Amino acid sequence: MKIQFDILTKTRAIVLHYIKGLSLDQLHVIPEGFTNNIAWNIAHIVVTQQLLHYGLSEKDCLVSDELIAAFKKGTKPTRQFTQEEFDEVLNLFKGLPNTLEEDYEAGIFTEYSAYKTSTGFVIDSMEKAVIFNNFHESLHLGVIMSLKKLV
(Lines give C-alpha, C1' and ligand atoms only; values in the text may rest on other atoms or scores of the structure.)
Protein backbone atom coordinates (compact mmCIF):
# COMPACT_ATOMS: atom_id res chain seq x y z
CA MET A 1 0.00 0.00 0.00
CA LYS A 2 2.98 2.30 0.43
CA ILE A 3 3.03 3.02 -3.31
CA GLN A 4 -0.65 4.01 -3.20
CA PHE A 5 -0.01 6.50 -0.39
CA ASP A 6 2.97 7.85 -2.33
CA ILE A 7 0.76 8.31 -5.40
CA LEU A 8 -1.78 10.19 -3.28
CA THR A 9 0.86 12.51 -1.87
CA LYS A 10 2.48 13.14 -5.26
CA THR A 11 -0.82 13.78 -7.01
CA ARG A 12 -1.68 16.41 -4.41
CA ALA A 13 1.76 17.99 -4.82
CA ILE A 14 1.11 18.27 -8.56
CA VAL A 15 -2.24 19.97 -7.89
CA LEU A 16 -0.52 22.45 -5.59
CA HIS A 17 2.09 23.12 -8.27
CA TYR A 18 -0.62 23.88 -10.84
CA ILE A 19 -2.48 26.34 -8.65
CA LYS A 20 0.60 28.14 -7.39
CA GLY A 21 0.38 31.84 -8.14
CA LEU A 22 -3.34 31.87 -8.91
CA SER A 23 -5.37 34.54 -7.14
CA LEU A 24 -8.39 33.72 -5.02
CA ASP A 25 -10.55 35.23 -7.77
CA GLN A 26 -8.95 32.99 -10.41
CA LEU A 27 -9.56 29.92 -8.22
CA HIS A 28 -13.28 30.72 -8.27
CA VAL A 29 -13.75 31.37 -12.01
CA ILE A 30 -16.20 28.99 -13.67
CA PRO A 31 -15.35 29.07 -17.38
CA GLU A 32 -18.03 28.66 -20.01
CA GLY A 33 -18.80 24.97 -20.46
CA PHE A 34 -17.78 24.05 -16.91
CA THR A 35 -19.96 23.63 -13.83
CA ASN A 36 -17.30 24.16 -11.19
CA ASN A 37 -14.01 25.88 -10.46
CA ILE A 38 -10.54 25.07 -9.15
CA ALA A 39 -11.43 25.90 -5.53
CA TRP A 40 -14.46 23.59 -5.66
CA ASN A 41 -12.35 20.76 -7.14
CA ILE A 42 -9.79 21.02 -4.36
CA ALA A 43 -12.41 21.02 -1.60
CA HIS A 44 -14.25 18.16 -3.35
CA ILE A 45 -11.04 16.10 -3.40
CA VAL A 46 -10.64 16.65 0.36
CA VAL A 47 -14.24 15.71 1.11
CA THR A 48 -14.35 12.66 -1.16
CA GLN A 49 -11.17 11.24 0.34
CA GLN A 50 -12.66 11.59 3.80
CA LEU A 51 -15.96 9.98 2.85
CA LEU A 52 -14.35 7.09 0.99
CA HIS A 53 -11.92 6.25 3.76
CA TYR A 54 -13.37 7.40 7.05
CA GLY A 55 -17.08 7.62 6.28
CA LEU A 56 -17.35 4.16 4.71
CA SER A 57 -15.21 2.73 7.54
CA GLU A 58 -17.67 4.08 10.10
CA LYS A 59 -15.08 6.50 11.47
CA ASP A 60 -15.58 10.19 12.06
CA CYS A 61 -14.41 12.29 9.13
CA LEU A 62 -11.63 14.75 9.90
CA VAL A 63 -13.39 17.64 8.16
CA SER A 64 -16.51 19.54 9.13
CA ASP A 65 -20.02 18.41 8.24
CA GLU A 66 -20.48 21.80 6.56
CA LEU A 67 -17.53 21.20 4.24
CA ILE A 68 -18.85 17.74 3.42
CA ALA A 69 -22.33 19.05 2.65
CA ALA A 70 -21.00 21.78 0.37
CA PHE A 71 -18.46 19.70 -1.60
CA LYS A 72 -19.62 16.08 -1.69
CA LYS A 73 -20.56 14.33 -4.93
CA GLY A 74 -23.42 16.05 -6.71
CA THR A 75 -22.71 19.57 -5.43
CA LYS A 76 -21.73 22.70 -7.35
CA PRO A 77 -20.07 25.91 -6.21
CA THR A 78 -22.55 28.10 -4.35
CA ARG A 79 -20.23 30.73 -2.90
CA GLN A 80 -16.60 31.81 -2.82
CA PHE A 81 -14.12 30.97 -0.09
CA THR A 82 -12.48 33.76 1.84
CA GLN A 83 -8.69 33.57 1.78
CA GLU A 84 -8.73 32.26 5.35
CA GLU A 85 -11.24 29.54 4.48
CA PHE A 86 -9.32 28.47 1.39
CA ASP A 87 -6.07 28.37 3.36
CA GLU A 88 -7.79 26.00 5.80
CA VAL A 89 -8.91 23.78 2.92
CA LEU A 90 -5.34 23.79 1.55
CA ASN A 91 -4.00 22.76 4.96
CA LEU A 92 -6.42 19.82 4.97
CA PHE A 93 -5.48 19.03 1.37
CA LYS A 94 -1.79 18.91 2.30
CA GLY A 95 -2.02 17.16 5.67
CA LEU A 96 -4.80 14.60 5.46
CA PRO A 97 -2.94 12.11 3.23
CA ASN A 98 -0.30 11.69 5.95
CA THR A 99 -3.00 11.24 8.58
CA LEU A 100 -4.71 8.62 6.42
CA GLU A 101 -1.49 6.66 6.01
CA GLU A 102 -0.78 6.84 9.74
CA ASP A 103 -4.31 5.69 10.58
CA TYR A 104 -4.09 2.87 8.03
CA GLU A 105 -0.76 1.69 9.45
CA ALA A 106 -2.22 1.90 12.98
CA GLY A 107 -4.96 -0.50 11.88
CA ILE A 108 -7.94 1.68 12.76
CA PHE A 109 -9.89 0.70 9.64
CA THR A 110 -11.40 -2.61 10.72
CA GLU A 111 -14.76 -2.33 8.92
CA TYR A 112 -15.75 -1.15 5.48
CA SER A 113 -19.22 -0.68 3.97
CA ALA A 114 -19.27 -1.65 0.29
CA TYR A 115 -20.02 1.23 -2.07
CA LYS A 116 -20.70 1.26 -5.81
CA THR A 117 -19.29 4.40 -7.39
CA SER A 118 -20.94 6.36 -10.18
CA THR A 119 -18.27 4.93 -12.51
CA GLY A 120 -19.40 1.40 -11.66
CA PHE A 121 -16.53 0.36 -9.42
CA VAL A 122 -17.49 -1.53 -6.28
CA ILE A 123 -15.31 -0.55 -3.36
CA ASP A 124 -15.50 -3.12 -0.59
CA SER A 125 -12.24 -2.66 1.30
CA MET A 126 -10.01 0.09 2.53
CA GLU A 127 -7.30 -0.96 0.08
CA LYS A 128 -9.69 -0.62 -2.87
CA ALA A 129 -10.86 2.72 -1.48
CA VAL A 130 -7.31 4.09 -1.48
CA ILE A 131 -6.76 2.88 -5.05
CA PHE A 132 -10.09 4.29 -6.25
CA ASN A 133 -9.43 7.59 -4.49
CA ASN A 134 -6.15 7.93 -6.39
CA PHE A 135 -8.06 7.41 -9.64
CA HIS A 136 -10.66 9.98 -8.56
CA GLU A 137 -8.05 12.56 -7.61
CA SER A 138 -6.24 12.07 -10.92
CA LEU A 139 -9.47 12.82 -12.79
CA HIS A 140 -9.85 16.05 -10.83
CA LEU A 141 -6.20 16.93 -11.45
CA GLY A 142 -7.02 16.79 -15.15
CA VAL A 143 -10.02 19.06 -14.63
CA ILE A 144 -7.90 21.51 -12.63
CA MET A 145 -5.29 21.53 -15.40
CA SER A 146 -8.01 22.33 -17.95
CA LEU A 147 -9.55 25.02 -15.76
CA LYS A 148 -6.19 26.70 -15.19
CA LYS A 149 -5.82 27.27 -18.95
CA LEU A 150 -9.09 29.20 -18.93
CA VAL A 151 -8.71 31.39 -15.84
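**Aromatic contacts in the predicted model**

Ring pairs join F71, F81 and F86 into a cluster. The model is predicted. Seven aromatic pairs are present in the structure. One of them is formed by F71 and F81, with ring centres 5.3 Å apart. The planes of F71 and F81 meet at 15°, under the 30 degrees that bounds stacking, so this pair is stacked. The pair links distant parts of the chain. F71 belongs to helix α4, residues 65–71. F81 lies ten residues away, in the loop between α4 and α5 (83–105). Both rings belong to buried residues: F71 has a relative accessible area of 10%, and F81 has 9%. Each value is under the 20% limit for burial.

A second pair joins F121 and F135. The centres of these rings are 5.6 Å apart, and the planes lie at 70°. The angle is over 60 degrees, so the arrangement of F121 and F135 is edge-to-face. F121 sits in the loop between β1 (115–116) and β2 (122–123). F135 is part of helix α6, residues 126–150. The pair therefore ties together parts that are 14 residues apart in sequence. F121 is partly exposed, at 42% relative accessibility. F135 is also partly exposed, with a relative accessible area of 34%.

A charge also meets an aromatic ring. The charged end of R12 sits over the ring of F93. It lies 4.7 Å from the centre of that ring.

Definitions and conventions
Residues are numbered from 1 along each chain as its sequence is written. This is a predicted model: local features need pLDDT of at least 70, side-chain atom pairs count only at pLDDT 80 or more; totals for chains, interfaces and linings use all residues. Side-chain values use heavy atoms; hydrogens and water are left out. Rings of Phe, Tyr and Trp (its six-membered ring) pair if their centres lie within 6.5 Å; planes under 30 degrees apart count as stacked, over 60 as edge-to-face and the rest as tilted. Helices (H or I, at least four residues) and strands (E, at least two) are DSSP runs, numbered from the N terminus. Buried means under 20% relative accessible area, exposed over 50%, partly exposed in between (1.4 Å probe, protein chains only). A charge sits over a ring if NZ of Lys or CZ of Arg is within 6 Å of the ring centre and within 35 degrees of the ring normal.
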